[in-house]
Amino acid sequence: WLKFGTQGDTCPSIVGGGRVLGAARLAAEEPAMAATIKPKPQRTYSDPDLPELLPLPVRPASSYEPRPKPKEHPQFSHEAVEGMAKELGLDIEANSDFRWIIRDCLLALRDENFTVKVRGDDVEYEYKYTDYEDEGASKAGAGKSRSCRPIVEAHRRLAENLMGVKEKLKLQRLDPQYRVKHLVYLAIMGEKDARGVTNETLIEEVMELLDVNPLDEPYLVPRIKVSIEDAYFRMKEVGPQNITIDSCIDVESLTINLELDRVGFMKKISPSGLLYCVENQTQLADVISTGSHDVFCYSSAVEVHSTGRRQDMPLVFFEQVVCAECEVKSADVRCQDCVENFCRECFKAAHARGKRQKHCVSLPYRTFCAEYPEHEASYICFETGEVLSTKAVARMRKSAARQNFTLFGLRKAAYSKKLFANNLDRLMNILQNHVERQYPLSPWFIFYDKAMAPYWYNFQTRAKVKADPNDLVNPPSSMAEEDAEQADAEDPDEGFLSNAAGAGDIRETHAARFASQGAVFDVPPPVHVKFALSQKI
């Protein structure tokens, strides 16, 4: 009946027997499974399942770890060092900085299995092994002394080059300009903030090398400070890897600008705006000496600087324009129709009526930008009162607040009859204010300490005053306003710096008196002598 049973029929005895056997087998295996399978611990929401961590290595019983043994460096005998120094042409006592060349040469010879032997005054090199063991040494040459090695010749050339560089550097350090470059290079390299580039110590060292006395010429300090900061920004622009000591700052350009600033200040304090030669005292000055800081005409400059130490003193040329009408004052404008230069008063008198009222004028001399002093000014802004170059104007146009400012061209006046026709007085006032701001006499300058906290420093009294972060324009004042008139009578410098109404005259300050020693301001009028022919008796 098992074979022919219908589909779906089951045998109760067999089925039941299978269940009994399965249950008995599970009952027998449960103890073994329970011994091998560990129950999984119950996790909570605050203790989620974490991956199993790797077992930590067995730590030593003590956390003390012995220090590594010092590395033993190969040592060479004193005779070998002296012999190699003689072979390389080095004096150990005079050139102690080049000991590493001697040691490097000895190490290179040792790596090639050669030892240095000194026999009398000769230095010989012996191969270490006597058998043919090294594949680079021949069997015939093993153990034999050799009088010369290529590695020694290479070190000898290296020592000669370094000695030449050292002598050249020693001579360069005698040059004040190179020392200025070295100081600026150390100041800008590695600095991350422009405020920490300059400090009072650096400025005083540079001024001493460039022959600038802050007591007599305080108006030159801003030029030096700005030049060092410009060197830092140039380093950031081109990258520190492209900056060397010789290329970090242009000291020659800085020297020329300092001399031109001296000339500009002397023109400012001159009653006529003209400078005359200190030698003949009658001709207009054409050059200024970078050594004596005196102005000379061409003939006197050639005569004075033809012999002695003054032969090495460079001369800086500058231009002066004399009024064609009065011939005693400096010209302020140039009439393009008259093709003449006039001072302000003579131009008004000559162009007060008639067709001359419509004549076109321009500036008779070059004017430099207020924002970029190295560029020549091409425009003047009436709203801000600044003379600007093309580069400064392009930068100004990017600002939405200054796009509608009125600009007038300084060099294109000949092409416009209406350019300065009604604005001559305003133009002259702007240029005069530009000159006034260009040569400040205040000894106070702003610097920053290591914490980038601002402070004021006085180069004349060497006093430091903590600055207000919200007011970095107005320097500290040691004098009350009611004492300005009294200070003007006692000390002209304090009276001029007090900014009180009618206080102080720049021509009476110490800086003006010191600058007046390098030029002649007042020249007596020419004397006409009438020569009479001798009469025959």
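## A walk from helix H4 to strand S13

Start with the surroundings of helix H4: among the elements covering its buried residues are helix H2 (78-88), helix H3 (99-111) and strand S2 (122-127). Here contact means heavy atoms within 4.5 Å, and buried means under 20% relative accessible area, with exposed over 50% and partly exposed in between (1.4 Å probe, protein chains only). Helices (H or I, at least four residues) and strands (E, at least two) are DSSP runs, numbered from the N terminus.

Before you click on: this is a predicted model, where local features need pLDDT of at least 70 and side-chain atom pairs count only at pLDDT 80 or more, while totals for chains, interfaces and linings use all residues. Residues are numbered from 1 along each chain as its sequence is written, and side-chain values use heavy atoms, with hydrogens and water left out.

**Zoomed out**

Show the whole protein chain and you have 15 helices and 15 strands on screen. Of its 537 residues, 34% are buried. Take the contacts with a separation of 6 or more: 52% of them join residues 24 or more positions apart.

**Stop 1: helix H4**

Select residues 150-172. How far apart are the end C-alpha atoms of H4? They are 33 Å apart, which agrees with the 33 Å that 23 residues should span at 1.5 Å a residue; the expected span is 1.5 Å times one less than the number of residues.

Now colour Val152, His155, Arg156 and Ala159, which are buried in H4. As background, an α-helix has 3.6 residues a turn, so residues three or four places apart point the same way.

Zoom in on Arg156, which sits in helix H4. Buried or exposed? Arg156 has a relative accessible area of 18%, so this residue counts as buried. Leaving aside residues up to four places away in sequence, Arg156 touches Glu87 and Leu88.

**Stop 2: H5 against H8**

Next, select H5 (residues 176-188) together with H8 (residues 251-269). Their axes come within 10 Å and cross at roughly 110 degrees. Axes are lines fitted to C-alpha atoms, for helices over the stretch in contact, and angles run from 0 to 180 degrees between N-to-C directions. H5 and H8 are therefore roughly perpendicular to each other (65 to 115 degrees counts as that, under 35 as roughly parallel, over 145 as roughly antiparallel and the rest as oblique).

Show side chains for Gln177, Val180 and Lys181 of H5, and for Val251, Glu252 and Thr255 of H8, which make the contact. They split into 2 nonpolar, 2 polar and 2 charged residues. In this scheme Ala, Val, Leu, Ile, Met, Phe, Trp, Tyr, Cys and Pro count as nonpolar, Asp, Glu, Lys and Arg as charged, and the others, Gly among them, as polar.

**Stop 3: the sheet under H8**

Keep H8 on and add S4, S5 and S6. These 3 strands form an open antiparallel sheet, in the order S5-S4-S6; two strands pair if DSSP finds at least two bridges between them. S5 (295-296) and S6 (315-317) are the edge strands with a single partner each, so each has one side without a neighbour in the sheet. H8 packs on this sheet, touching S4, S5 and S6, and its direction makes about 115 degrees with that of S4. S4 (residues 287-289) is joined to S6 by 3 bridges, and Ser289 has Leu315 as its bridge partner in S6.

**Stop 4: helix H7**

Select residues 221-238. H7 has 18 residues and reaches 26 Å from its first C-alpha to its last, close to the 26 Å expected. Its buried residues include Val221, Ile224, Lys225, Glu229 and Tyr232. What covers them? H5, H6 (200-209), H8 and S13 are among the elements covering the buried residues of H7. Just after H7, check Gly239, which takes a positive phi of about 100 degrees.

**Stop 5: strand S13 and its sheet**

Finish at residues 444-448. 5 of the 5 residues of S13 are buried, so the strand is largely enclosed by the rest of the structure. Trp444, Ile446 and Tyr448 point one way, and Phe445 and Phe447 the other.

Add S14 (residues 454-458), which runs antiparallel to S13 and is joined to it by 5 bridges. Across the pair, Trp444 stands opposite Asn458 and Phe445 opposite Tyr457. The hairpin has 5 residues between its strands, and Met452 there takes a positive phi near 60 degrees.

Bring in S15 to complete an open sheet of 3 strands, ordered S13-S14-S15. S13 and S15 (464-466) stand at the edges with a single partner each, so one side of each lacks a neighbour in the sheet. The twist averages 30 degrees from one strand to the next. Last, switch on H6, which lies across S13, S14 and S15 at about 35 degrees to S14.
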